[in-house]
Amino acid sequence: MTDLSKQLAALRSGIDELDSELVSLLARRAELTTRVGQIKAETGMPVYVPEREKELIASRRAEAEQAGVSPDLTEDLLRRIMRESYHTQNNRYRCINPAIEQVVVVGGAGALGKVFVSLFEKSGYQVAVVEKDDWDSELAKVAFARADLVLVAVPITITEGVIARLNNLPAHCVLADITSVKEKPLNAMLATHNGPVVGLHPMFGPDAPGMIKQVVVVCDGRGEGKYQWLVEQMKTWGATIHRSTAQEHDQAMAFIQVMRHFNTFVYGAHLQGEGPDLETLTVFSSPIYRLELAMVGRLFAQSPQLYADIIYNNPDNFALLRRFHERFGKALTLLDNGDKQEFINEFNRIGEWFGDYARKCLVDSKQLLLKADDDEMLRKS
């Protein structure tokens, strides 16, 4: 072995030792964060405290800079470590309202319904799950009769029909839903139940590990003071609450969900029709294009019924899709006419409309793309 080889082996051995020390440090940190989680559960403090995280990141970045270490690297490591620690803290949560005797989740055996059932149970609430075959059972009747909260977590197409059957709940009972559209379900709940009513939309899928750093839209219906405990409970679970009217919510969802899902559907249909080899495409793709392709693939790995329900639920959104189609056609006309300058002019006009947001996206997306490149995410193996 040459001297250089020996030096290299010694250096690698030193790196291995340091890596092992890092693992030990992570284990010690996990023990501390677990204890923090226990204290938070006892006191009702939320798992995620944005101010605390912001201060910690800023402090560690400053220390890194003084030590000659990349602040960006330090922040990346800390954010990944903290994300893991949040999930080690969520085994138990404080029960915000111990007076609640019964929570009923209609559709609690479904994907997103299970998430709520788990969160309520981790907070010490008595939870009953009612499915379509349970309606006429004695257990369901008893559960509804003593319910303090009934949460409707069923597919969009049957939500209003299910709500219509909940016309005999106790007067004090909070009636809520977690459907991705809000105006029709909220109106249905207000018409069916004279007690407190609130519309919720968790802005995450059932594959999320919980509510930590997730947004939940709250559309007030009736008796806000009677369901404020539920809002506070979701904050304890780590959620960020955004209040909105049902109309504002549904208008936003037309762009966020309906248009994006339909566009992705068409993109996928075009790929399927053209028939390229998908694995080969990933080889030729930079991280941004692999991620874009992954978003298309992700859609078709999920329930077609779910996305059909979202798109077809509100025919008013069809006009938005038709306008999108018209604009696509106008863009093709620029190509047909060979009008490259007008394409550039239009590009600039759109960029001006996006303004500072476009520049922020350019900066923020770099970290995401670096992560995708480091792990060779979604690349052909």
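**Close-up 1. D177 and K182 are both buried in this predicted model.** The two residues form a salt bridge. Their closest N and O atoms lie 3.0 Å apart.

**Close-up 2. E75 and R61 form a salt bridge between two helices.** The closest N and O atoms of the pair are 2.6 Å apart. E75 belongs to helix α3 (residues 71-88) and R61 to helix α2 (residues 50-66). With their positions 14 residues apart, the pair links distant parts of the chain. E75 has a relative accessible area of 19% and is therefore buried, the limit being under 20%. R61, at 26% relative accessibility, counts as partly exposed.

**Close-up 3. E232 and K235 form a salt bridge within helix α8.** Here the closest N and O atoms are 3.4 Å apart. Helix α8 covers residues 224-236, and because E232 and K235 are three residues apart in this helix, about one helical turn separates them. E232 is partly exposed, its relative accessible area being 30%. K235 is also partly exposed, with 34% relative accessibility.

**Close-up 4. Salt bridges with shared partners join E53, R61, D72, E75, R79 and K213 into one network.** Among the members of this network are E75 and R61, the pair with closest N and O atoms 2.6 Å apart. In the predicted model, the count of salt bridges comes to 14.

Key
Residues are numbered from 1 along each chain as its sequence is written. This is a predicted model: local features need pLDDT of at least 70, side-chain atom pairs count only at pLDDT 80 or more; totals for chains, interfaces and linings use all residues. Side-chain values use heavy atoms; hydrogens and water are left out. A salt bridge is a side-chain nitrogen of Lys or Arg within 4 Å of a carboxyl oxygen of Asp or Glu. Helices (H or I, at least four residues) and strands (E, at least two) are DSSP runs, numbered from the N terminus. Buried means under 20% relative accessible area, exposed over 50%, partly exposed in between (1.4 Å probe, protein chains only).
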